[in-house]
Amino acid sequence: MSTFVLVPGAWHGGWVFEEVVPLLERSGHTVHALTLTGLRPDDDTATVAGANLDTHADDVLALLDRANITDATLVGHSYGGMVIAAAADRAGGRVSRVVHLDAYVPRDGDSCWSSTTEAYRQAFVAGAADTGYAVRPPERDGRDSRRRPHPLASLLQKIQLTGAFNKIPRREFVYCSNWEGTPFTELRTRLETDPDWLVHDLPTAHNAMREDPEGVAKLLDS
């Protein structure tokens, strides 16, 4: 059985995996769904303003320490792909598998800002206009009131990778193929030609864990 650490994308918390968690647990796995620093309902302004990519990688590493996890599968959705890459690179061999669920797969020096499309960069700027430090949730996906403004610094910070991430034994990318405007098409093409990566397709929109929790759980359980 595996130990999963599920890392949400921007604006979301661990609750976004609430339909996937029991399915994995039913199969006998241990599952931790994280809410990152700055995205928790009781986080104050200073906490949100100060949270960056390093902060979020440290959230994952702190969980590994706290739960004595030595053989983790890290799953990152969207922006969460940046987080699991940074955490896995620093985990000292405690991560055996990473799954980028319609998520960014950075190279050293990349940021979420540099890895996404111009449309999303414009959305980040517009979304941060109110505060200057947090990007408000997009209006187009307003179905869940639990979404929080996302720390801008975490989207801008460049990742620092030592090469350890590239030595993770099992690396997978899940491409969600049924949404217009996906920023991941070129990434999928690149990873499909990389023998070190396994690429899956899911015929869902971006939030696959909510559209098809059974399909996501089955893929993770494979």
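Select F165 in this predicted model. Show its contacts, leaving out residues up to four places away in sequence. F165 touches A85, A88, D89, V98, H100, V105, P106, R171 and W197.

Next, widen the selection to the core around this residue. F165 is among the residues with the most contacts inside the largest nonpolar core. The others in that group are V5, L74, Y79, V95 and L220. The core has 70 residues in total. Now color helix α4, residues 80–90. Helix α4 gives the core its largest share, seven residues. As background, nonpolar side chains in soluble globular proteins tend to be buried together.

Move to strand β8, residues 197–202, and pick V199. Which residues does V199 touch, not counting those up to four places away in sequence? They are F173, R188, L191 and E192. Then draw a distance from V199 to D110. These two residues sit 89 residues apart along the chain, and their C-alpha atoms are separated by 21 Å.

Last stop: the cysteines. How many disulfides does the structure hold? Zero. Select C112 and look for the closest cysteine sulfur, which belongs to C176. The gap is 16 Å, so the sulfurs are too far apart for a bond; a disulfide needs them within 2.5 Å. C176 is likewise in no disulfide, with the sulfur of C112 as its nearest cysteine sulfur.

Are these two cysteines buried or exposed? C112 counts as buried because its relative accessibility is 2%. C176 counts as buried too, at 0% relative accessibility. The cut-off for buried is under 20%.

Conventions:
Residues numbered from 1 in each chain as written. Predicted model: local features only at pLDDT ≥ 70, side-chain atom pairs only at ≥ 80, totals over all residues. Heavy atoms only, no water. Helix = DSSP H or I, 4+ residues; strand = E, 2+ residues; numbered from the N terminus. Contact = heavy atoms within 4.5 Å. Core = buried A, V, L, I, M, F, W, Y, C linked by side-chain atoms within 4.5 Å. Buried < 20%, exposed > 50% of the residue type's maximum accessible area, 1.4 Å probe, protein only.
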